[in-house]
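Grab a coffee and open the viewer: here is a set of short exercises to work through at your own pace. Try each task before reading its solution.

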Amino acid sequence: MTMIAIQFRYLAVVLMLALAATPTNGFYQADTPVAAAPNSSADIYAEKIRPLLDQHCTQCHGSEEQGGGLKLDSIASMMVGGDSGAAVKPHDASTSLLWQRVSSINPDERMPPEGAALSTSELDLLKSWIQGGASGKDDPAHTPKGWEDRLDHWAWKPMQKHAAPLLPQVAAKVQSPVDSWIAAKLIEHDLTFSPAAEKPIWLRRIYFDLIGLPPSPEDVAAFLADDDPNAKGKVVDRLLANPRYGERWARHWLDVVHYGDTHGYDKDKPRPNAWPYRDYVIRAWNEDRPYTQFIQQQIAGDTLPNDEALGLRTADNIEALGFISAGPWDFIGHAEVPETKTDGKIARHLDRDNMVATAIGTFSSITIQCAQCHNHKFDPFTQTDYYALQAVFAALDRADRTYYADPNVEKKVQEFQQALASVQAELTAHRAEIQKATGEKLEPLEKRISETTAKLREQLPVEYGYHSQIANQAKNLKWVQVDLGVTVPLKSLRLHPCYDDFNSIGAGFGFPLRWKVRGSNDPNFETSISLADYSLEDFANPGWCPVDIDCSQLSLEQKTVRYVRVEAESLVERSKDFILALAELEVFNTENENVALNKTVTALDSIEAGPRWGTKNLVDGKTPTGPMATDLSKLLHEKLELMAKSIPITLKEHGQALEAREKTLRSQLAELPPPQRVFAGTVHVGSGAFRGTGPDGGKPRPIYLLARGNVTQPGKEVSPNALAGQFGLPDFFKLSEQHSEADRRAALAQWLIHPDHPLTWRSMANRIWQYHFGRGLVDTPNDFGRMGGLPSHPELLDFLALELRDSQSLKKLHRQIVLTTTYEQSSIHHNPAAMAIDAQNVFLWQQSRRKLEAEAVRDAVLATSGTLDLRMGGAGYQDFVVEHPEHSPHYEYDLANPADVTTFRRSVYRFIVRSQLQPFMTLLDCADPSIRVDRRNETVSATQALTMLNNGFMLEQAKRFAARLAYEFPNGDDQAKVERAFELSISRRPNAEEAAAVIEFAHKHGWENACRLLLNLNEFSFVD
């Protein structure tokens, strides 16, 4: 840079500071010229700012007293802040709390609260100092112990672009800048690169690293025959383009976000719609989704457009939100305990805590959750920082979210919904005309109806009735039946409709549109008699009134039955979905006794969410109807008569036309393909205990700073933000008062993807490195804070982070890492001197021998036996049998059939249970889905050897492996079979001694056991 350029740049900075110090908001008027700034910011702070603060502020915010938890006697303390967060944001006076309070004209806010306010010149000086960066040298006597260290940490500092070291002595070994930095450390520690691994070893390594499967014998042969200098590059490119790549790397990602297919906690209910998020992750890796987009979609995908040109699809944008809900969820604490209760508040607080920890820990590798009960003990994060992040997710719950994968269908749905809204607006206006036409008589009648309805609602039993599982479309058969115990001659039946405030439905909730009632003496109803048939046209909502069915016209033989079944052929809408619900089914014998009371009820499916919903509620004798409901029915009938007398025929016909139009639109809407569902972070619209924020329009819950994290001791309300004042990033949370909850998440996503964010890019680069070498450049991938590890190669980490930031391509990052001398080194080179210097191989003088994780072992077994099902996507396979699904499901793995071919899919598609871990996978160090796993344990134990030898899955696959060999070599050529078996299982041919030993073993114990032996070799479960 020339001297002229330097002088110009200095002049520009001075002008900017002068402009920033010029008052423009009308809070004060300049009464004296601004004093010239001293020669350095250190002088400004020491000579002007610290004395100013000592004069006005430190009496209440100093070493002896800290009002609001805030100290202003050092720069470090100002940056850390107090209960309200950082007091000073460098370069941004307008959002710095210190500036806002001392410059406020509101006497209730202005600081200091007593005595004279700061003068105009003092305000100018303070603002100028903050705008200039708020720097200076603290007096050691005022500096909080340890806080300077917290702020002076490698991870918080900006990424630096370093020139790769020039090392002529190892130039032949250096294939890329990656090798340069590794070689520099090796030279520094008197180490050297190990020789390159043999080609078959390298090939097996890269296959497992990139796609998680072994190379086929044909792949090995083709690679060995390829003399192209770029042969390895071609293999890498082919594997990165293989759809198996996404399956492999999605599994790593799902560990970090602790994905599971059940809720966890006490009842551990299944999540049937969790898997779309897993499929999204696989697609994103396969498509090499730009990393900023990958982050945005998972935090705030619903704020992104549907734009194919940008690779943005509605399905991806919504399915990606499964990230927010990937962790455990307390079913009891949410579905059964309202958030007005202490236990409900705790459940929702912990739920948001998990969202915050997952979002910030996954993308930024910091432990912000440690500031839940107090300021972080080691890192410069306050409680306010933590609760500001909770506020980002304050409107969300974990629940099923509907969406349309096809944008054209979504467009049609929106058109129908707009048309419905227009018709409903006309109906509202029409009802106003009706009310006008009926005069004064209608108002008192409606008041009586309202009062009677309110009394009925107060008397509702806590047991609502029976509720089917939710369906995606109206045309969906549901049934529920009662076993009377013995055959009974029937006199009549009575169906009582439910009442539920959900979606403002009220009386008649869930009563079917088209339905039948049948009787039978066969529980499967293969033969039956029709007791009622309303399946030809829609049945009007009965509201509060029970529906009676007379059986007296039937012959004695016809009406004598043991089982009575209600079948719904067309369901009523609940909230963009469809259900069957009944409060009570009464069955009267000829003596007029209810013989169904407390009898056994079964159903096609059911929601068991006691005490409100359950099959037993259908015959418990508790109904929302009764004498008061009869009174209400009379009042409603009286209203209909009044309206019939008072309303002109033209007005009535217009109303009927509008109602017909509304019905047609609803019917056309129902004929469109049903929406899809994903369990995701969403604004939940519910009722009862699990009400969510949907009934309030998605308004975020107020978030308070909790004393020691106790929900019963809320302090001041906290606004949404993302580590305000940290890392020198812009403030993305300058949101309008009318902002939506999604705006908060969009702001967080923008903060995370900022090009200068020092953590986001380092975090992901470190994770990718770890999965290729078994250890990250920082060996604590979830904690870059002061209690985490230091980077072994800081310049290399920044190089990789910047490469990822600038290219946005994870596949390019893979390529830069694996096509290096560092990666291709042997892991079995014996070097005692190097071992003495660096036994942990931190400086990578050799490649690390690694044990395959559980999924890779299982998938390799299936690939070797020839049974691997490569079908992608969809609901996960279940390698268990569920017992007692109605309450707390028991997932019984020992009852599953190991020969079930539907389970022979890749392990990433396994239905993952949190409370009862899969024994085979767990013994092989599979990740616990209830916690975020940044790096799996890698153990070797006797129980692992035993399970690999004797588990039912291994026995079945050994049998199929032997069958494969028998099929491929029908002439029984033992030498050919053993060579093929070695190639399939460990990607090499046996030597003569090995071949002879295995053939001898096969002759003695059979080929099935010989195959079992090969699957238990160390070479099978390890990658060199």
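The exercises below go from the whole chain to single residues of this predicted model.

**Exercise 1. Confidence**
Task: Find what the mean pLDDT of the chain is, and over which residues pLDDT stays under 50.

Solution:
- Start with the average: the mean pLDDT of the chain is 89, and 94% of its residues reach 70 or more.
- Next, look for the weak stretch: over residues 1-39, pLDDT stays under 50. For this stretch the model has 30 contacts beyond four places in sequence.
- Finally, a word on reading such a stretch: where pLDDT is low, predicted coordinates should not be read in detail.

**Exercise 2. The chain as a whole**
Task: Describe the secondary structure, the span and the burial of the chain.

Solution:
- Count the elements: there are 36 helices and 21 strands.
- Take the span along the principal axes: the C-alpha trace covers about 105 × 105 × 50 Å.
- Turn to burial: the chain has 1024 residues, and 53% of them count as buried.
- Check how contacts are spread along the sequence: among those between residues at least 6 apart, 74% join residues at least 24 apart.

**Exercise 3. Surface and charge**
Task: Work out what share of the exposed area carbon and sulfur atoms supply, and how far apart the centres of the positive and negative side chains lie.

Solution:
- The chain exposes about 45700 Å², and 53% of this area is supplied by carbon and sulfur atoms.
- For the charges, the tally is 108 positive and 134 negative side chains.
- The centres of these two sets lie 1 Å apart.

**Exercise 4. Cysteines**
Task: Say how many disulfides the structure holds, then explain why C498 is in no disulfide.

Solution:
- The structure holds 0 disulfides.
- For C498, the nearest cysteine sulfur is that of C545, 14 Å away. A disulfide needs two cysteine sulfur atoms within 2.5 Å, so a pair beyond that cut-off does not count.
- Now compare the surroundings: C498 counts as buried, at 1% relative accessibility, while C545 counts as partly exposed, at 27%.

**Exercise 5. Cis peptide bonds**
Task: For the peptide bonds from M111 to P112 and from G610 to P611, decide: cis or trans?

Solution:
- From M111 to P112, omega is near -5°, and the bond is cis. P112 sits in the loop between α4 (97-102) and α5 (120-131).
- From G610 to P611, omega is near 0°, and this bond is cis too. P611 belongs to the loop between β14 (600-603) and α21 (627-646).

**Exercise 6. Positive phi**
Task: R708 and Q808 each have a positive phi; find where they lie and whether each is buried or exposed.

Solution:
- R708 is not a glycine, yet its phi is about 55°. The loop between β16 (704-706) and β17 (714-717) holds R708, and a relative accessible area of 66% makes R708 exposed.
- Q808 is not a glycine either, and its phi is about 65°. Q808 is placed in the loop between α25 (794-807) and α26 (810-818). With a relative accessible area of 17%, Q808 is buried.

**Exercise 7. A serine in a loop**
Task: Is S74 buried or exposed, and how far is its C-alpha atom from that of Q918?

Solution:
- Locate S74 in the loop between α2 (41-56) and α3 (75-80).
- Read its relative accessible area, which is 0%: S74 is buried.
- For the distance, the C-alpha atoms of S74 and Q918 are separated by 54 Å; along the chain these two are 844 residues apart.

Note on methods
Residues are numbered from 1 along each chain as its sequence is written. This is a predicted model: local features need pLDDT of at least 70, side-chain atom pairs count only at pLDDT 80 or more; totals for chains, interfaces and linings use all residues. Side-chain values use heavy atoms; hydrogens and water are left out. pLDDT is the predictor's confidence in each residue, from 0 to 100. Contact means heavy atoms within 4.5 Å. Helices (H or I, at least four residues) and strands (E, at least two) are DSSP runs, numbered from the N terminus. Buried means under 20% relative accessible area, exposed over 50%, partly exposed in between (1.4 Å probe, protein chains only). Accessible areas come from the Shrake-Rupley method with a 1.4 Å probe; for residues, only the protein chains shown count as cover. Lys and Arg count as positive and Asp and Glu as negative; His and the chain ends are not counted. The place of a charge is taken as NZ of Lys, CZ of Arg, CG of Asp or CD of Glu.
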